[in-house]
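Q: Please look closely at one part of this structure, the surroundings of its two ligands, and explain how the rest of the protein is arranged about that part.

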Amino acid sequence: MTKGILINYEYCTGCHSCEVACKKERGLKKGEFGIKLTEVGPYQYSDSTELENKWEWTWSPVITKACDMCAKRTEKGKMPMCVQHCQAWCMHYGEVEELVKKMDGKTRWALYTQGE
Ligand code: SF4
Ligand code: SF4
């Protein structure tokens, strides 16, 4: 069964806790990341789009090749470090099929799965 991390980035506050927790867990050097926060905005859309002057300011973490889904922790039944430290409770770990069921079609989600 494939495991994954699901992020409801609608509620990501940009706090960087996941980044810091992961760097410590994986022993990554300065400039290296297992999960890295990205920021889009802030900017205002023009009134020529259907977004009609709405503001864009989106935070979303991106999981990198250095992520091993916290194998040492999860094989003992613990949560990945990033999920455990997310202060907004917007990160979830588990079987991909179960994670997909959480997506509500109303808020914005990103699903990451583990490669080889
Ligand atoms: S699961 Fe572990 S290795 Fe992967 S991003 Fe989260 S803290 Fe880093
Ligand atoms: S810990 Fe959670 S709220 Fe904070 S940046 Fe990461 S995903 Fe966003």
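A: The account below begins with the whole chain, turns to the two ligands, and then considers the core, the sheet and some backbone details.

This is a predicted model, in which local features need pLDDT of at least 70 and side-chain atom pairs count only at pLDDT 80 or more, while totals for chains, interfaces and linings use all residues. Residues are numbered from 1 along each chain as its sequence is written, and chains are lettered from A and ligands numbered from 1 in the order in which they are written.

The protein contains 4 helices and 5 strands; helices (H or I, at least four residues) and strands (E, at least two) are DSSP runs, numbered from the N terminus. Read from the N terminus, these elements follow the order β-α-β-β-α-α-β-α-β. The C-alpha atoms fill a box of roughly 50 × 35 × 25 Å along the principal axes. Of the 116 residues, 20% are buried. A residue is called buried if 20 or more other C-beta atoms lie within 10 Å of its own, exposed if 12 or fewer, and partly exposed in between, with C-beta atoms placed from the backbone.

Ligand 1 is surrounded by 14 residues, of which Cys22, Gly34, Cys67, Pro80 and Cys82 are the closest. A residue is near a molecule if its C-beta atom, placed from the backbone, lies within 6 Å of it. The elements that give two or more residues to this shell are α1 and α3 (81-85), and α1 gives the most, with 4 residues. By class, the shell around ligand 1 holds 10 nonpolar, 1 polar and 3 charged residues. Here Ala, Val, Leu, Ile, Met, Phe, Trp, Tyr, Cys and Pro count as nonpolar, Asp, Glu, Lys and Arg as charged, and the others, Gly among them, as polar.

Around ligand 2 there are 17 residues, the closest being Cys12, Cys15, Cys18, Cys86 and Ala88. Both α1 (17-26) and β3 (55-63) supply at least two residues of this shell. The shell around ligand 2 has 11 nonpolar, 6 polar and no charged residues.

Some of these residues also belong to the core. The largest nonpolar core has 20 residues, and those with the most contacts inside it are Ile5, Cys18, Ile35, Cys82 and Met91. Such a core is a set of buried Ala, Val, Leu, Ile, Met, Phe, Trp, Tyr and Cys residues joined through C-beta atoms within 7 Å. The elements giving two or more residues to this core are β1 (3-7), α1 and α3. Leaving aside residues up to four places away in sequence, Cys82 touches Cys18, Ala21, Cys22, Ile35 and Met91; two residues are in contact if their C-beta atoms, placed from the backbone, lie within 7 Å.

Strand β1 also takes part in an open sheet of 3 strands, in the order β4-β1-β5, with antiparallel pairing. Two strands pair if DSSP finds at least two bridges between them. Because β4 (91-95) and β5 (110-113) stand at the edges, each with a single partner strand, one side of each is left without a neighbour in the sheet. Strands β1 and β4 are joined by 5 bridges, and Ile7 has Met91 as its bridge partner in β4.

Finally, the backbone has some particular details. The peptide bond from Gly41 to Pro42 is cis, with omega near 5°, and Pro42 lies in strand β2 (residues 35-44). Asn53, in the loop between β2 and β3, has a positive phi of about 70° although it is not a glycine.
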